[in-house]
Amino acid sequence: MAINWTEAQIEQIVKSVMGAMNTTGSDAITYDATSYCGRKFIGIFETMEEAIAASEEGYRAIRSMRVEDREKLITSIRDFCREEAPIMGRLGVAETKMGRADHKTAKHRLVADKTPGTEDIVSAVKTGDNGLTLTEMAPFGVVGSITPSTNPSETVICNSIGMIAAGNGVVFNPHPNAIATSNYAVDLVNRAVYAAGGPRVLVASVVKPTLDTANVMYKHPSIRLLVCTGGPGVVRSVLSSGKKAIGAGAGNPPVIVDDTADIKKAARDIIDGCTFDNNLPCIAEKEVFAFDSIADKLIEGMKKAGSLLITREQADALAEVVMTEVTAKDGSRKKIINRDCVGRDAAVILAKIGIKVGPEIRCILCEVPFEHLFVQTELMMPILPVVRVKNIDEAIELAVKAEHGCRHTAHMHSKNIDHLTRFARAVETTIFVKNAPSYAGIGFGGEGHTTFTIAGPTGEGITSARSFTRLRRCVMVDNFRII
């Protein structure tokens, strides 16, 4: 099912549900790592050991369930997620200070509608002269999942649906900056599962996730699979755990616009994708490589779509604000992103260099050279650098370099099949979006299922229920072949 919500529809969804709740503004909610507005969360424990034990008990309970009954649990999770999407949207912004509540609401609805369930678990049969071999997708047992602050509750629910569909229990170690939002999602999954006849606790988390609780998860004998959605550091730690691991890492998605593209549509699509949830999704457009012959027209189109074009001097000044200098372990100095600017509105970021704009400005646009920090760094802010290129050869060369070999996501606006094919082959990304906003790559307005765990580093790609299974083989020799 394709989803094509407009901005107005998303806003209307939020307004209608907020009206029913009779609450407005972040001051109307109270929350912590264990409760929301006075309601205690289910499945949140003081220690990682307790959380793993509870999840293991839940796993044993669903092991004996029919697949049909497991699907009922997932249907209930979808229903709860749709209903409470606006709450999680508001809570995510209130806690992390990142993104937009209306867009987060849309992402939760996307998770509910387009995350695969048990239909993704299929068996294979091989018959021949020597009999029959059956290969089935079986659960690992208890999956340990590390989740980010950028898409906290979305990732918890998306992973839970897929992992439960595969027959697993799950224990989460959320990002420390999104504990309440993540634990709300854990509680939602448990409430939904219990309401549909499942165990009281099937997924679990901890009150205070830390590196120590993560290390307990990595080493615990009951954890058979680790799944990490986060930055390069945490992905590396999971991959060095010695256990089977699925890693979803960072990206720096480039977009090429050539001289055959529908420039008006490209401009609108790029800004819509770049500003979705204030550029927090790792798939979002991070830098543009535009043919010089159409660059002026493209920039004008992006300005009309809600962007402010700033000067090179202003861009350099902004870089000093959104990037901070730190000392590396080897004693060298390097620039890293300022976390206080990640996922913030364009108006908030511009105000830091004395530029005042209204909410109609969604994106900060600037023309810079290829070497600029805005091109080379995954900012996760509504800042979009544009680099002019002479031709497709230069565009592909620079875009591939800017992607830094993450093999995450890339985009292109073109009607030239040869150009599209050449770039797709050269960049080798997990997701390649043609002539559409970036979010089409995860099924939002495009075909295909959704996920918030895009496993480029370990090769699983757009993860789904089958990603969280292990293959088991059953062999019968000389019999059960009917031809």
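In strand β10, A248 is the bridge partner of T229. I should say at once that this is a predicted model. The T229 pairing belongs to a set of four bridges that join β9, residues 223–229, to β10, and these two strands run parallel.

Let me widen the view to the sheet. Six strands make up an open sheet with parallel pairing, and their order is β3-β8-β7-β6-β9-β10. At the edges are β3, residues 44–45, and β10, residues 245–248, each of which pairs on one side only.

Two helices deserve mention here. Helix α2, residues 48–63, lies across β3, β6, β7, β8 and β9, and runs at about 160° to β7. Helix α6, residues 179–195, lies across β3, β7 and β8, with an angle of about 155° to β8.

I turn now to the nonpolar cores. The largest has 63 residues, of which V257, F289, L298 and M302 touch the most other members. Apart from its neighbours within four places in sequence, L298 is in contact with V257, I263, A266, A267, V288 and A290. There is also a second, separate core of 55 residues, which includes C81, I87, M163 and F276.

Finally, the cysteines. How many disulfides does the structure hold? The number is zero. For C282, the closest cysteine sulfur is that of C406, and the two cannot be bonded because 9.3 Å is too far. C341 is likewise in no disulfide, the nearest cysteine sulfur, in C366, being 14 Å away. As for their surroundings, C282 is partly exposed, at 23% relative accessibility, whereas C341 is buried, with a relative accessible area of 0%.

Definitions and conventions. Residues numbered from 1 in each chain as written. Predicted model: local features only at pLDDT ≥ 70, side-chain atom pairs only at ≥ 80, totals over all residues. Heavy atoms only, no water. Disulfide = S-S within 2.5 Å. Buried < 20%, exposed > 50% of the residue type's maximum accessible area, 1.4 Å probe, protein only. Core = buried A, V, L, I, M, F, W, Y, C linked by side-chain atoms within 4.5 Å. Contact = heavy atoms within 4.5 Å. Pairing = 2+ DSSP bridges. Axes fitted to C-alpha atoms, helices over the stretch in contact; angles between N-to-C directions.
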